[in-house]
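The report below goes through a single protein chain, beginning with its aromatic pairs and moving on to its cores, helices, domains and a few individual residues. Please keep the sequence and the model in view while reading.

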Amino acid sequence: MNRKTALKSLLLLILGCWLPFWAFSQSHLQGYIDEALKNNLGIQKQDFALQRSLYALKEAKGLFLPDVELNTSYLTSGGGRKIEIPIGDLLNPVYSTLNNLTGSGKFPQVDNVSQTFNPNNYYDAKVHTTLPLYNAEIIYNSRIKKEQITMQQIELRLYKRELIKQVKLAYYGYEQSLQAIRIFENGIVLAKENLRINQSMVKNGKAIRTVVARSENELTSLETQLEDARAESLNAAGYFNFLLNKPLNSPVETSHNENMIIKPDSVLHSSKREELAALESLNQINTLSVKLTRSTLLPKLSTFIDLGAQGDFLKVNKDAPYYLFGVTLSWQIFNGNRNKNKTQQALLDLKSTEIQTEQASQQLELEVITAQNKLNAALQAFKASVSQTALSLQYYKDEQRLYKEGQALYLELLDAQTRLINDQLKQSIAYLNMLTRNTELERAKASYIL
């Protein structure tokens with residue numbers, strides 16, 4: 001087996017070992033996505049807004065129903081303007097004549113009446129019911145509220161897609177931080193082994209003491225980088241838990257070495273972007289708003305009925321109950337062109353939304369093409385990094401063997417070790433970049449099934 005064939009076999013072995021871990025990692029990630037969609041505070045806020053829109057629609061539909069209210073009033077008064085009724089002056093002469101003719105006093109004298117305009121000791125209790133028979137404003141207002149619910153549902157789906165993207169990126173970032181920790185830990189193991197070899201060679205007089213000091217410095221440097229990587233990992237875990245609305249120090253489950261080349265055909269399917277759907281819904285709302293402003297020119301027809309009782313306080317007799325029924329028709333003739341100007345404003349909003357929709361469509365199409373190109377580049381970069389890492393690993397093993405045999409300098413071994421660690425880090429970053437680009441393409445195509 002030649003050297004080229006051996007490298008290919010090693011590369012296939014590395015990729016083959018990552019495959020099962022990928023599926024295991026995705027199961028963890030899917031669980032976290034479900035948890036985020038359930039517990040994220042932003043989702044809950046969007047859900048509250050949707051529920052508010054539902055109640056707003058119910059409120060609008062309630063305008064079609066009768067409006068019933070109980071009205072009662074009691075009035076008492078004193079003084080004020082009065083009307084003089086000369087009933088005594090009119091009847092007393094007649095009564096006096098009748099008494100003289102009959103020789104009796106059956107017709108007593110009566111006084112003139114002075115009646116105030118304000119009612120005194122008077123009550124009026126009634127059930128007032130109104131019902132709109134035709135009001136175009138109510139009809140279009142209800143349709144606008146219904147369309148606003150549709151828009152709110154679209155915005156909720158949009159937020160979910162953004163949240164899923166952020167959860168995936170945060171998860172991948174945390175995995176990459178763990179890989180960096182493992183790389184530095186493995187580097188420390190190699191550095192300690194080199195230190196042990198150098199100490200043994202110095203002890204046997206095969207090397208000078210400088211190589212031991214160099215090994216110790218290299219070990220210290222790797223330990224410092226390891227602490228930095230652990231701090232970055234804690235920050236990444238904290239942000240990930242923040243998205244899931246969990247305590248920031250909660251453990252995050254991942255698998256080990258879950259690197260795998262993404263298949264581009266796995267994300268080819270796409271669906272309509274929520275951004276376009278939201279703009280179309282906004283366009284529909286603006287269309288209804290135009291009709292709403294124009295409907296103010298139409299007449300409004302409604303009816304009412306009052307069922308109640310009125311009379312002196314606490315006196316109820318057969319004359320107290322009453323009903324009052326009526327039909328009202330109102331038609332605005334002129335209001336200073338306010339409705340006309342409102343209609344023009346609504347038409348301008350409608351045209352602006354149409355242009356915005358067309359512009360957004362072009363931008364989203366460009367976003368998909370850009371994301372696809374970036375993913376293709378990231379795939380190639382990851383493949384190259386895997387190959388380079390395999391080559392660096394083989395190179396380090398060869399240098400370590402030659403150094404033990406005294407056929408290579410320590411600087412050459414140290415260079416091989418640094419090169420291996422750097423290439424492993426580059427592969428880890430390339431893997432993260434590939435997953436990030438894949439997530440961006442998935443978001444651009446709205447291909448994640450909600």
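## Aromatic pairs

F382 and Y431 are both buried, a term used here for a relative accessible area under 20%, with exposed meaning over 50% and partly exposed the range in between, for a 1.4 Å probe and protein chains only. The model is a predicted one, in which local features need pLDDT of at least 70 and side-chain atom pairs count only at pLDDT 80 or more, whereas totals for chains, interfaces and linings use all residues. Residues are numbered from 1 along each chain as its sequence is written, and side-chain values use heavy atoms, with hydrogens and water left out.

The whole structure holds 8 aromatic pairs, where rings of Phe, Tyr and Trp (its six-membered ring) pair if their centres lie within 6.5 Å, and planes under 30 degrees apart count as stacked, over 60 as edge-to-face and the rest as tilted. Y32 and F240 form an edge-to-face pair, with 5.0 Å from centre to centre and 90 degrees between the planes. Because Y32 lies in helix 1 and F240 in helix 5, this pair ties together parts that are 208 residues apart in sequence; helices (H or I, at least four residues) and strands (E, at least two) are DSSP runs, numbered from the N terminus. Both Y32 and F240 are buried. F382 and Y431 form a tilted pair, 5.6 Å centre to centre with 45 degrees between the planes, and this pair links distant parts of the chain, with F382 in helix 7 and Y431 in helix 8, 49 residues apart. Ring pairs also join Y32, Y171, Y172 and F240 into a cluster.

## Nonpolar cores

The largest nonpolar core, meaning a set of buried Ala, Val, Leu, Ile, Met, Phe, Trp, Tyr and Cys residues joined through side-chain atoms within 4.5 Å, has 61 residues, and V167 and F240 are those with the most contacts inside it. Two or more residues of this core come from each of helix 1 (3-39), helix 2 (41-61), helix 4 (136-203), helix 5 (210-243), helix 7 (338-404) and helix 8 (410-445), and helix 4 gives the most, with 19 residues. Another core, of 6 residues, lies apart from it and has Y140, I144, M151 and I285 among its members.

With neighbours within four places in sequence left aside, V167 is in contact (heavy atoms within 4.5 Å) with L29, I33, A36, F240, L243 and L244.

## Helix 4 and helix 6

At 1.5 Å a residue, the 68 residues of helix 4 should span 100 Å, and its end C-alpha atoms are indeed 100 Å apart; the expected span of a helix is 1.5 Å times one less than its number of residues. N135 caps the N-terminal end of helix 4, with a side-chain oxygen 3.1 Å from the backbone nitrogen of E137. Helix 4 is followed by G205, whose phi is positive, near 75 degrees.

Helix 6 (residues 274-295) has 22 residues and reaches 31 Å from its first C-alpha to its last, close to the 32 Å expected. Its buried residues include L276, L279, I285, L288 and V290, and what covers the buried residues of helix 6 includes helix 4 and helix 7.

## H128 and its surroundings

H128 is placed in strand 4 (residues 122-134) and counts as buried at 18% relative accessibility. The side chains of H128 and D306 are joined by a polar contact of 2.3 Å, which is a pair of N or O atoms within 3.5 Å; within protein, one must be able to donate a hydrogen and the other to accept it, and residues adjacent in sequence count only if both atoms are side-chain atoms. Leaving aside neighbours within four places in sequence, H128 is in contact with D67, V68, E69, N71, F304, I305 and D306.

## Domains and single residues

An automatic or database domain assignment sets the bounds, dividing the chain into domain 1 (28-77 + 135-253 + 270-303 + 339-445) and domain 2 (81-118). Taken over C-alpha atoms, the centres of domain 1 and domain 2 are separated by 96 Å. L98, found in helix 3 (residues 87-102), is partly exposed with a relative accessible area of 30%; L98 and L435 are 337 residues apart in sequence and 116 Å apart in space, C-alpha to C-alpha.

Positive phi values occur at N337, near 65 degrees in a residue other than glycine, and at A446, about 50 degrees although it is not a glycine. N337 lies in the loop between strand 6 (321-330) and helix 7 and is partly exposed, at 40% relative accessible area, whereas A446, in the segment after helix 8, is buried at 2%.
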